[in-house]
Amino acid sequence: MAAWTLVPCLVTLRTEFNTLAPGRDKGADGSIGDSAHTSRSDHTPDEDSDYLRDHDADDKNEVHALDIDSSGPWPRPFGDIIADIIAGERAKWLSSDDRCRLRYIIFNRKIYSTSTNFEPRNYTGSDPHTNHAHFSSRYETGPENDTRPWGVLPEEDTVDARELWASAAKAARGDADATADDRNNRNNIVQVVRFALGLQVDAQTTPNLPSGPAGQLARIEAAVVPATTKKK
Ligand SMILES: [Ca+2]
Ligand SMILES: [Ca+2]
Ligand SMILES: [Ca+2]
Ligand SMILES: [Zn+2]
């Protein structure tokens, strides 16, 4: 059997490393190892190996290991990235309602494995794994195909409404340490509130406020719009 694929979870992991550092050195990267029928390495396509063939439930010829060159250059230390991956896998492994995807990681003379709840043990193999990290995945179909983020990439910025409001209030009060971001947040909130109340107004013009909902607008504006932007 010649054609083979890397299991989807490890494809996602590799993609995250590539996205984090598009120009990284890939000299020590690797997925497929040898295809000898006697090989027990996770780098060997499983259906090619007499030993691995029955490790999983399917007949897809899959590689269950990935090597990532450690040299980067990375935007943050490679060891920190590996530590984050280990922490994520450990949390899933110890959780009663989640499943980790890795059986073990080897990096920098240490091995972190499910058998020790991902606590480090000394790795004494001939290759100290300093120029690359090795990831071996599980053979169960669920974890093989689990392509949730690995945490290699920074999380998307999220907006906390309370933080946003506190920031806008800072600008509205004219606090000495209010920043340009605080003023932008204030202006954005004012625009959203005006839009929500159906008032088409120029930011530099004091609206001629009718009664009703506009009364609320007046109170909100009093709170968030500094006096300096109001026309006398
Ligand atoms: Ca199989
Ligand atoms: Ca499989
Ligand atoms: Ca397979
Ligand atoms: Zn390896």
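In the predicted model, strand E5 and strand E6 (residues 120–122) are paired in the antiparallel sense through 3 bridges, and within this pairing Ile111 stands opposite Arg121 of E6. The two strands form a hairpin in which 6 residues lie between them, and Asn117, located in the turn, has a positive phi of about 55 degrees. E5 is also joined to E4, again in an antiparallel arrangement, by 4 bridges, with Lys110 of E5 serving as the bridge partner of Phe107. The hairpin of E4 and E5 has 2 residues between its strands, and here Asn108 takes a positive phi near 55 degrees.

These strands belong to a protein chain that contains 6 helices and 7 strands, and whose elements, read from the N terminus, follow the order β-α-β-β-α-β-β-β-β-α-α-α-α. Of the 232 residues in the chain, 25% are buried. Among the contacts with a separation of 6 or more, 58% are made by residues that are 24 or more positions apart.

The largest nonpolar core comprises 26 residues, of which Leu13, Ile82, Ile105, Ala133 and Phe135 touch the most other members. Two or more residues of this core are contributed by each of H1, E3, helix H2 (78–94), strand E4 (102–107), strand E5 (110–113) and E7, and the largest share, 5 residues, is that of E4. A second core, separate from this one, has 5 residues, including Ala168, Ala171, Ala172 and Ile189. The surroundings of Ala133 can be described in further detail: when residues up to four places away in sequence are left out of account, Ala133 touches Ile68, Ser70, Ile82, Ile105, Ile106 and Phe107.

Helix H1, which spans residues 8–20 and thus has 13 residues, reaches 18 Å from its first C-alpha to its last, close to the 18 Å expected at 1.5 Å a residue. Its buried residues are Cys9, Leu10, Leu13 and Phe17. When H1 is seen down its axis, these buried residues fall within an arc of 95 degrees, and they therefore line one face of the helix. The elements against which the buried residues of H1 pack are strand E1 (5–6), strand E3 (65–69), strand E7 (132–137) and helix H3 (141–144). Leu13, one of the buried residues of H1, is also among the residues that touch the most other members of the largest nonpolar core.

How values were computed:
Residues are numbered from 1 along each chain as its sequence is written. Chains are lettered from A and ligands numbered from 1 in the order in which they are written. This is a predicted model: local features need pLDDT of at least 70, side-chain atom pairs count only at pLDDT 80 or more; totals for chains, interfaces and linings use all residues. The expected span of a helix is 1.5 Å times one less than its number of residues. A residue is buried if 20 or more other C-beta atoms lie within 10 Å of its own, exposed if 12 or fewer, and partly exposed in between; C-beta atoms are placed from the backbone. The arc is that of the directions from the helix axis to the C-beta atoms. Two residues are in contact if their C-beta atoms, placed from the backbone, lie within 7 Å. A nonpolar core is a set of buried Ala, Val, Leu, Ile, Met, Phe, Trp, Tyr and Cys residues joined through C-beta atoms within 7 Å. Two strands pair if DSSP finds at least two bridges between them.
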